[in-house]
Amino acid sequence: MNALHIKLLRELRRLWAQAASIGLVIAAGVAALIIGIGTYQSLERTRADYYARNNFADIFASVARAPRSLLPAIGELDGVLVVDARIVRLAPADVEGLAEPASVLLISLPAGPQPLNQLHLRSGRLPETGQSTEAVVSEVFAKARGLVPGSRLDVVMNGTHRPVTITGIALAPDYIYAMTPGEIMPSEGRFGVLWMPEAMIAATYDLTGAFNTVSLKLAPGAAANSVIEELDRLLAPYGGQGAYGRSQQTSHVFLDAELTQLRGMSAVLPPIFLVVAAFLVNMTLTRLIALEREQIGLLKALGYSSWSIAWHYVEFVLLIAVLGIVVGYGFGIWAGNALTVLYARYYSFPVLTFSRDPAIYVIAAAVTMGASVLGAVRAVRQAAWLPPAVAMVPPAPPVYRRILGARNPFHFEVPQRWIIVLRHLLHWPWRTAGGVVGLALATAILIGSLWSVGAINYMVDYTFNRTERQDGTITFLGSKPAAALYEVARLPGVLAAEPFASVGVEISKGPVSRRIGLTAYARGSDQARLLDDQLRPVVLPDEGLIVSRALARLLRVGPGDNVQIRPLDGDGRMYAVGVAGLIEGYLGLAAYMDLKALDTLLGRSPQISGVNVEIDERQQAELFAALKATPALGMISLRSVALERFRETMAQNMFVMIGVLLAMAGVIAFGVVYNFARISLSEQGREMASLRVLGFSRGEVSMLLLAEIAMVTLLAQPIGWLLGIGLARGMVSSFSSELFTMPLVLEPSVFVYSTAVVTAAAGLSGLVVRRRIDRLDMIAVLKTRE
């Protein structure tokens with residue numbers, strides 16, 4: 001260890017507080033990078049591995065009823081490696097401990113090995129072959145309802161109550177994120193998947209020797225689009241509902257949306273922290289070198305080269321960076337593990353562990369050290385190459401000038417203390433600008449995270465209070481004649497009933513197409529309604545579609561344009577329909593029609609898919625009992641349950657992330673202000689001591705520094721608000737997908753809270769520095785060199 005190393009350690013001990021505050025900002029950047037990329041990699045790699053191990057299919061298709069003799073022809077399509085046909089049916093279920101009817105998706109299990117979408121058995125065993133009423137249940141449903149091997153539940157299969165015995169608990173790659181068909185959020189305890197022997201399901205639903213869903217595995221490099229076209233051609237005579245690839249498979253789509261959000265967060269936040277860290281390094285090192293000009297001159301006079309002195313200060317920066325990286329590693333791994341555990345609650349993977357990829361940590365360290373050294377370059381370059389004689393001369397004292405020259409266009413007298421404050425701020429414009437930018441970025445991070453609280457509240461109010469206002473929705477297991485409305489209306493506890501129809505369609509414009517649910521309401525529906533931009537009810541037109549803006553953007557259509565729709569359970573006929581208007585819609589892609597207009601378009605007798613109901617809470621139990629007794633009426637979903645689930649799912653993830661961002665923004669604000677104040681104190685220590693000698697009180701002297709901090713904090717706010725608005729817009733864009741469209745809701749409280757947090761952090765760091773002013777050794781300061 002040479003003399004420069006000893007000097008380095010002494011400087012670190014002397015400046016430990018400033019070094020620690022810079023290290024914390026660096027740690028925040030490293031942690032943000034590790035959390036974002038690590039969680040993204042965990043989900044992406046786990047999913048890829050799970051798909052590969054369990055032979056997740058590439059193409060999916062549903063059909064009304066197709067003979068198994070068709071399978072060889074499907075297998076011979078160019079590019080198809082494996083074909084797997086199954087029977088899938090939705091059925092009501094009576095589960096012990098659940099008042100309302102639950103719903104289960106029955107999926108057939110072949111007698112032999114599963115070619116595709118293989119189960120991952122958690123516990124128990126597979127059902128016995130034959131017509132056994134044994135089943136394997138999905139893990140999420142089993143956990144929510146306390147089902148274990150040996151448990152039993154009552155399932156209504158084709159109108160008949162059948163007791164089903166659970167033999168095992170399993171996961172499947174096509175139900176990583178399992179939801180009731182037609183709903184947008186999972187309902188853990190009210191929807192589950194049962195895998196049962198194929199012979200039993202086929203016999204129950206009269207599908208022996210037939211199938212109603214098929215999955216394909218493609219050869220590497222096979223053209224999926226051409227296979228989909230050929231598959232549609234083969235299935236069309238049997239009621240084919242349109243084949244689609246993984247990109248439209250429900251579970252896959254939800255996970256993709258989550259990965260997109262994580263990728264967006266990883267791209268936005270770490271650079272902000274690293275920019276602030278680089279600025280702090282530059283600010284601190286510039287002042288340190290200015291104070292050590294004489295020492296630098298002496299070192300050079302003793303023979304130390306410019307490069308060795310420059311490397312000495314770079315080492316100082318790298319040591320701080322290493323401390324920040326170590327802390328960032330620790331916090332990033334801890335928070336990443338916690339976030340992964342949270343994800344594991346919603347996504348059913350056999351194993352989900354936080355990524356330990358060394359590349360993430362190497363990249364985080366390299367980027368952080370690079371940003372830190374970059375922040376030090378300018379300061380080091382100015383001092384290390386000074387000639388010894390020049391370096392040993394004390395820097396010239398600051399030359400203050402009159403503010404605005406001799407003119408005062410405002411003709412008012414500025415208090416002397418504020419003149420001192422303004423002169424200090426204007427004399428070191430880069431330091432002042434750096435402090436303003438640092439605090440503005442902290443404010444921006446807060447606005448860029450707190451906006452989501454208002455957005456979620458707005459989505460809840462829009463979706464559950466203003467548009468979907470029914471207490472419950474009774475969905476039939478298939479379309480029923482319009483007269484079914486009156487059967488529902490007569491159920492106990494039903495105060496009002498409004499019909500709706502939902503038809504699965506493929507909607508397209510040019511080369512862009514999507515499979516969506518087309519919903520139709522009766523004219524004058526009040527429980528479920530559409531709203532325009534001004535939140536005014538929209539009257540459904542006699543003909544034409546009302547589409548959500550997300551769908552309109554995707555298809556690039558507007559009012560007056562025509563789109564093509566093809567019912568998935570029809571004869572493949574395409575219908576040209578005009579777009580009559582647009583509405584906001586935050587959950588999924590949606591299109592709406594008048595109920596009569598839909599029946600007219602499809603050329604069918606009036607049919608409905610379900611009924612929205614207003615329920616008398618006092619008779620809710622009687623209503624559930626009646627539905628369980630008449631399962632042909634279908635299943636009920638409750639708005640209160642959906643709202644609770646939505647808040648739990650959306651809010652929990654968001655609020656965890658917001659908590660982390662709040663802490664990080666506080667670290668930035670504290671670090672920026674603390675370094676700003678410490679450097680100001682070192683520059684103005686002599687002046688402050690002089691003022692104390694002249695009779696100024698400690699409070700009056702401290703106020704000069706605190707006023708500087710207040711000015712910088714105040715100037716940073718409008719800039720931070722603007723940056724925050726931009727950041728929030730970027731987050732809205734990165735969070736939005738075909739499943740969710742987040743509204744940009746920036747309530748005044750977002751700006752108030754953001755400014756309050758930054759101001760509190762600035763005030764705290766200011767008070768810490770004030771203690772140093774109170775303990776200022778006036779004699780020692782006044783002995784400093786002239």
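# Report on a predicted protein chain

Of the 786 residues in the protein chain, 53% are buried. The model described here is predicted. The chain holds 21 helices and 22 strands. Along the principal axes, its C-alpha atoms fill a box of roughly 100 × 60 × 50 Å. The exposed area of the chain is about 34,200 Å², and carbon and sulfur atoms supply 60% of it.

Two further values describe the chain as a whole. Among contacts between residues at least 6 apart in sequence, 82% join residues at least 24 apart. There are 68 positive and 61 negative side chains, and the centres of these two sets lie 12 Å apart.

## Strands and their partners

Strands of a sheet pair through backbone hydrogen bonds, in either the parallel or the antiparallel sense. Strand 6 (residues 134-138) has both kinds of partner: strand 8 (residues 160-171) pairs with it in the parallel sense over five bridges, while strand 9 (residues 191-197) is joined to it antiparallel by two bridges. Within these pairings, serine 138 stands opposite alanine 170 in strand 8, and valine 137 stands opposite leucine 194 in strand 9. Five of the five residues of strand 6 are buried, so this strand is largely enclosed by the rest of the structure.

Elsewhere, four strands form an open sheet in the order 2-10-1-11, with antiparallel pairing. Its edge strands are strand 2 (80-86) and strand 11 (244-245), each of which pairs on one side only. Strand 11 runs antiparallel to strand 1 (residues 59-67), and two bridges join them. In this pair, phenylalanine 60 has tyrosine 244 of strand 11 as its bridge partner.

The table lists the opposite residues named above.

| Residue | Opposite residue | Strand of the opposite residue |
|---|---|---|
| Serine 138 | Alanine 170 | Strand 8 |
| Valine 137 | Leucine 194 | Strand 9 |
| Phenylalanine 60 | Tyrosine 244 | Strand 11 |

## Valine 227

Valine 227 belongs to helix 6 (residues 224-235). Its relative accessibility is 2%, so valine 227 counts as buried. Leaving aside neighbours within four places in sequence, valine 227 is in contact with Ile59, Leu77, Asp78, Val80, Leu216 and Leu218. Glycine 245 is 18 residues away from valine 227 in sequence, and their C-alpha atoms are 9.9 Å apart in space.

## Helix 16

Helix 16 covers residues 595-602, and its buried residues include Leu595, Ala597, Leu598, Asp599 and Leu602. An α-helix has 3.6 residues a turn, so residues three or four places apart point the same way. The buried residues of helix 16 pack against several strands, among them strand 13 (494-509), strand 18 (562-567), strand 19 (575-583) and strand 21 (607-615).

Both ends of helix 16 have a feature to note. At the start, a side-chain oxygen of aspartate 594 reaches to within 3.0 Å of the backbone nitrogen of lysine 596. Just after the helix, glycine 603 takes a positive phi of about 65 degrees.

## Serine 525

Strand 14, another strand against which the buried residues of helix 16 pack, is followed by a loop that contains serine 525. This loop lies between strand 14 (512-521) and strand 15 (530-531). Is serine 525 buried or exposed? Its relative accessibility is 18%, and buried means under 20%, so serine 525 counts as buried. The side chain of serine 525 reaches the backbone oxygen of alanine 522 at 2.8 Å.

Methods:
Residues are numbered from 1 along each chain as its sequence is written. This is a predicted model: local features need pLDDT of at least 70, side-chain atom pairs count only at pLDDT 80 or more; totals for chains, interfaces and linings use all residues. Side-chain values use heavy atoms; hydrogens and water are left out. Buried means under 20% relative accessible area, exposed over 50%, partly exposed in between (1.4 Å probe, protein chains only). A polar contact is a pair of N or O atoms within 3.5 Å; within protein, one must be able to donate a hydrogen and the other to accept it, and residues adjacent in sequence count only if both atoms are side-chain atoms. Contact means heavy atoms within 4.5 Å. Accessible areas come from the Shrake-Rupley method with a 1.4 Å probe; for residues, only the protein chains shown count as cover. Lys and Arg count as positive and Asp and Glu as negative; His and the chain ends are not counted. The place of a charge is taken as NZ of Lys, CZ of Arg, CG of Asp or CD of Glu. Two strands pair if DSSP finds at least two bridges between them.
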